[in-house]
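I'm starting a fresh page for this one. I want to look around the ligand, then the domains, the core and a pair of strands.

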Amino acid sequence: MTTDLFEKFQSTINDYNKLPVGELNPFTVRMDEVISPTEAIINGRKTILAGTNNYMGMTYNEECLKAAEEALRSFGTGTTGSRVLNGTYNGHKVLEETLKDFYDADYAIVFSTGYQANLGVIATLAGPKDYVVIDSDSHASIYDGCAMGNATVVRFTHNDPENLEKRLARIRKKDQDAGILVVIEGVYSMLGDQAPIKELATAAKNHGAYVLVDEAHSIGVFGKTGRGVAQEQGVEHLVDFTVGTFSKSVGTVGGYCVSNHPQFEALRLVCRPYVFTASLPPSVVASANKALELIKDSNLRVKLLENSKRLNKGLADAGFNMGTTGESPIAAIIIDEKFTAVEYWQNMMVEGVYVNLAVPPATPNNLSLMRCSLSAAHTFEQIDYMLERFIKVGKKLGVLT
Ligand SMILES: Cc1ncc(COP(=O)(O)O)c(C=O)c1O
């Protein structure tokens, strides 16, 4: 008998089938109307958006909208081609110049998503004779970049420089000459913790390894001019490749990698997720470009972290078991049991607050989380509303006593 190709998904399907059909299914949320970066109509109800990674609230910024509209009219709805064929417009080059300026870097390449940036850069740079050494809590795009490439993949314990040091020493003992790429994230998205870049990168440099930092959740949020955690920690000189996304603080879609490596431009010829996909639409490129200009000189990150501190402190004071401290824009309540988390999420929707239900395998240490990502566009009234509803539901479900 032939194997049903879907057989391997049966336990996921079984779990999914335990969820209700309809509006209280966490995986079928539909935004019927988006009112602003912080509010939408979902299930006919005005809902506060507390889990969209729209850190700077850029999605409705007037200047970004105007730039996108003008580009849409002038250059059309899409490029219908790869960057290496017909898909490089003036806007793509301008955006790459803006990124070089933003990061004070020699080279910048724009990808169609942040996922593809990680996929492409990791899979291409780390070849068959090389090693890629990643933090165990890495995002799926980093794992997938490893899976797509031909390098030997080694994991080190999350944010543990000593463990990284050990792994690198072991690699060097085996192979003095191997190329090694160490991959870390500036901020880890589930629990909002920052990488100790100095310690990790120093271990890497001691063993002649390159360092890639994914600043997906930290561009705009950290650093004097919003470059991310490496800038915040004053260690940009230790980073060889910075990857990031336009899908969070920048408020649109797209990814990038910047570097000072003199051969960096070669990636445009050999990186398959750059070559074999269509480039970003002109309107997206224009709004990303405008948002980067705005983010650089903005003090929105101050308001964003104030918002996060307010929510994190309020939740901790109420007695929740918190996975976060308010040092990043993430607030995550740890819920003991996966299906209680689902119920929590459903109750929050009924109360008019959309948060992220984060459950294994997407979470570190198999945690179930009610995850919020705050925005600078949230008002204190909205934060207090979220807080009040979290407490109400927590009491109802016995999560808070
Ligand atoms: C750490 C990290 N890297 C990369 C990505 C992918 O970004 P994009 O949404 O642009 O594909 C994400 C998105 O969630 C992320 O959290």
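**Around the ligand**

I went to the ligand and looked at the 14 residues around it; Thr113, Gly114, Tyr115, Ala216 and Thr245 come nearest. A reminder to myself: this is a predicted model.

Next I checked which element gives the largest share of that shell. It is helix H4, residues 114-125, with three residues. I also sorted the shell by class and got 10 polar residues, two nonpolar and two charged.

**Two domains**

I looked up how the chain is divided. Domain 1 comes in two stretches, 7-56 + 299-396, and domain 2 covers 85-296. From one C-alpha centre to the other I get 27 Å. On the contact between them, domain 1 puts in 18 residues and domain 2 puts in 15.

Then I asked which elements give two or more residues to the domain 1 side of that contact. My list reads helix H12 (300-318), E11 and E14. By class, that side of domain 1 has nine nonpolar, six polar and three charged residues.

**The strand pair**

E11 and E14 turned up in that list, so I followed them up.

E11 spans residues 330-335, and five of its six residues are buried, which leaves the strand mostly covered. E14 (residues 368-373) runs antiparallel to E11, and six bridges join the two. I picked out one facing pair: Ile333 of E11 stands opposite Met370 in E14.

**A loop residue**

I stepped back from E14 into the loop between it and strand E13 (356-358), where Asn365 is found. Is Asn365 buried or exposed? I found 12 C-beta neighbours inside 10 Å, and exposed means 12 or fewer, so Asn365 counts as exposed.

I also compared its place with Ile330. Asn365 and Ile330 are 35 residues apart in sequence, and their C-alpha atoms are 17 Å apart in space.

**The largest core**

Last stop, the largest nonpolar core, which has 118 residues. Ile122, Val132, Val133, Leu181 and Val182 touch the most other members. Both domains feed this core, with at least three residues from each of domain 1 and domain 2. A general note for the margin: in soluble globular proteins, nonpolar side chains tend to be buried together.

I took Val132 for a closer look and left aside its neighbours within four places in sequence. What is Val132 in contact with? My list has Ile122, Ala126, Cys146, Gly149, Ala151, Val153, Leu181 and Val183. Ile122 and Leu181 are also among the core residues that touch the most other members.

Notes. Residues are numbered from 1 along each chain as its sequence is written. This is a predicted model: local features need pLDDT of at least 70, side-chain atom pairs count only at pLDDT 80 or more; totals for chains, interfaces and linings use all residues. A residue is near a molecule or strand if its C-beta atom, placed from the backbone, lies within 6 Å of it. Helices (H or I, at least four residues) and strands (E, at least two) are DSSP runs, numbered from the N terminus. Ala, Val, Leu, Ile, Met, Phe, Trp, Tyr, Cys and Pro count as nonpolar, Asp, Glu, Lys and Arg as charged, and the others, Gly among them, as polar. A residue is buried if 20 or more other C-beta atoms lie within 10 Å of its own, exposed if 12 or fewer, and partly exposed in between; C-beta atoms are placed from the backbone. Two strands pair if DSSP finds at least two bridges between them. A nonpolar core is a set of buried Ala, Val, Leu, Ile, Met, Phe, Trp, Tyr and Cys residues joined through C-beta atoms within 7 Å. Domain bounds come from an automatic or database domain assignment. Two residues are in contact if their C-beta atoms, placed from the backbone, lie within 7 Å.
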